[in-house]
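Here's a walk through a structure you may not have seen before. Take a moment to turn it around on screen, then read on.

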Amino acid sequence: MLKLIETDDISALEKLYKPGQNRDAYHALRKRLHDNLLLFLSKKTFESNHSDSYEALRLLVVGRFLLENDVIKIAFKCLEKAEQLAEHLELFNLINELLLLKLQYAHLPGAENLDALTARLLDNQAQMQREARLNMAYAFLRQQLQEIHLKGKVVNLTTLMLTTIRKYQVSRQDLMTYKAIYQILFIANEYAAIQHNYGLIERYIKRTDLFMQSNTDTKQSYVFHHISILYFMANFHLRQKSFTKSVPLLQEMMSLMTTDGRYYSLFYLRYQLLSALNLFFTGFSDDAVALLNKSISEVKHRSKLEDVEDLRVCLAMFLAMVGDRTSLKQMALLTRSDAWYEKKMGMLWTIRKNLMEILIQAQFSNIELSMSRLNSFRRRYKKYLLKTSEERVLKFLALVEKYLLKPDVVFEKPYKNAVLNLLNKPENSDIFTLSFIAWLIALWEKTTAYEVVLAIIQDNKYAE
């Protein structure tokens, strides 16, 4: 059956069983294959994963087996080592299992003192409760983000954070950990992306900066969260056009990534993306394009598809903004459906990608195709954009449509004023939003969108 699945043979059932035979046999075989595959994967995971968390789990399993078979001395040594590893990684659930097992066999010779074990168990359970409260608060905030993102729910982030902290009884001390800071920044970053305004989360970045300055010694268990925090901070400063603050954070991020191959593989493409964006918006477009091409050529089958698509759409944007027609080829490589992109990359990413395609087709004189894409975009997203109070996207689209219908309109003063009015709104200060507006300004300036956006960033040109 596995071989038939591998060949994607639609007549597999007929090959296994003749027509009219009992179909229950097929379903029994399918379930057996399913169970065998799960068993195989669990064994392979234990065999191939050499992380400390898996090592602690292995030692717990071995320790329990040895205790059940009266190999007491070696069993307690296994459990002791497992507990040390679990404590180092702050795996409170695993520590709880270890301590309960030790209590169960506390009557045996060589066991730890019962009072000491009990005290450690109660302290660990308090830690578990704190972590559970944090996780519940994080899950609630993620749910609220979905409401904001998909239904246009209007909330104030600071008020939402405070309400959530009170609701789940999270103390100030509970928030002073790498994991908690990571979770807060994740929520804040998503909120800023939805609002297209990273200035809204500046207070969280400042508090994170203070936390990082006072916590210079990072445990191995915090490395993932530490790298993620640096990534969020570097992204914040990039989107705020503070490139001199973004680059050092990326350098610090790379120094941590190189300490462990797992984290290097996980964060490499995201690191390259932010590095390329910093280069591009500081005037080094050729270096930025070369870096993205290099990153895409190094993509492995294990790389996350989301990261690869991010690189491709970014490369298409870079090439279009400098007037390079090969951006059309890059856009053509983004072959997945809008439904897939909405699910995997998010609604905002998909909207931005579709807007880019409209502009790029228009830029290289494919007016009819651009108009077709524009009409399709409006049919698919108008209702969503109105629901989420994103009328500014529709206003921008209307300006693009005017150009497509009458190219000379870009030289008329009312049109220019309408575009510059978009530019001078605080909610449009995000670097990607500026890039879209720069494309319209470039039409009457008869230059590239890249030259315009650099002028906006470096010289504050076109601002009132």
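What follows is a short tour, starting with one helix and moving out to the cavities, the helices around them and a few loops.

Before anything else, keep in mind that this is a predicted model. A handy place to begin is helix 18, which runs over residues 347–363. Its 17 residues, at 1.5 Å a residue, should span 24 Å, and the end C-alpha atoms are indeed 24 Å apart, so the expected and modelled spans agree. Most of this helix is tucked away: 15 of its 17 residues are buried. Just after helix 18 comes Ser 365, with a positive phi of about 70°.

Now for the empty space inside. How many cavities of 30 Å³ or more are there? The count comes to 3. The largest cavity holds about 270 Å³ of space. It's lined by 16 residues, and the closest to its centre are His 196, Leu 355, Val 393, Thr 433 and Phe 436. Three elements give two or more residues to that lining: helix 18, helix 20 (391–405) and helix 22 (431–445). Sort the lining by class and you get 10 nonpolar, 3 polar and 3 charged residues.

The second largest cavity has a volume of about 140 Å³. Its lining includes Met 317, Ala 320 and Met 321, along with Met 356, Leu 359, Ile 360 and Gln 363. Ser 435, Phe 436, Trp 439 and Ala 449 line this cavity too. Here the elements that give two or more residues are helix 15 (305–321), helix 18 and helix 22. Which of them gives the most? That's helix 18, with 4 residues. As for class, this lining has 9 nonpolar and 2 polar residues, and no charged ones. Phe 436 is worth finding on screen, as it's among the residues closest to the centre of the largest cavity and also lines the second largest one.

Next, two residues that sit inside helices. Ser 370 belongs to helix 19, residues 367–387. Is Ser 370 buried or exposed? Its relative accessibility is 0%, so it counts as buried. Setting aside residues up to four places away in sequence, Ser 370 touches Ile 358, Gln 361, Ala 362 and Leu 404.

Val 289 is part of helix 14 (residues 285–297). With a relative accessible area of 15%, it falls under the 20% cut-off and is therefore buried. Leaving out neighbours within four places in sequence, its contacts are Leu 315, Phe 318 and Leu 319. Ala 316 is 27 residues away from Val 289 along the chain, yet their C-alpha atoms are separated by 9.4 Å.

What about disulfides? A search of the whole structure finds 0 of them. Two cysteines to look up are Cys 78, buried at 14% relative accessibility, and Cys 314, buried at 6%.

Finally, head for the loops. Asp 70 lies between helix 4 (52–68) and helix 5 (72–89). Although it isn't a glycine, Asp 70 has a positive phi of about 65°. Its relative accessible area is 64%, over the 50% cut-off, so it counts as exposed. Lys 446 sits in the loop between helix 22 and helix 23 (449–459). Lys 446 also isn't a glycine, and its phi is positive, near 55°. Lys 446 is exposed as well, with a relative accessible area of 67%.

Terms used
Residues are numbered from 1 along each chain as its sequence is written. This is a predicted model: local features need pLDDT of at least 70, side-chain atom pairs count only at pLDDT 80 or more; totals for chains, interfaces and linings use all residues. Side-chain values use heavy atoms; hydrogens and water are left out. The expected span of a helix is 1.5 Å times one less than its number of residues. Buried means under 20% relative accessible area, exposed over 50%, partly exposed in between (1.4 Å probe, protein chains only). A disulfide is a pair of cysteine sulfur atoms within 2.5 Å. On a 1 Å grid over the protein atoms alone, a cavity is a set of points where a 1.4 Å probe fits but cannot get out, and a pocket is an open set with protein on both sides within 12 Å along at least five of seven lines; lining residues have an atom within 4 Å of a point. Grid points are joined across faces, edges and corners, and a volume is the space filled by probe spheres set on the points. Ala, Val, Leu, Ile, Met, Phe, Trp, Tyr, Cys and Pro count as nonpolar, Asp, Glu, Lys and Arg as charged, and the others, Gly among them, as polar. Contact means heavy atoms within 4.5 Å.
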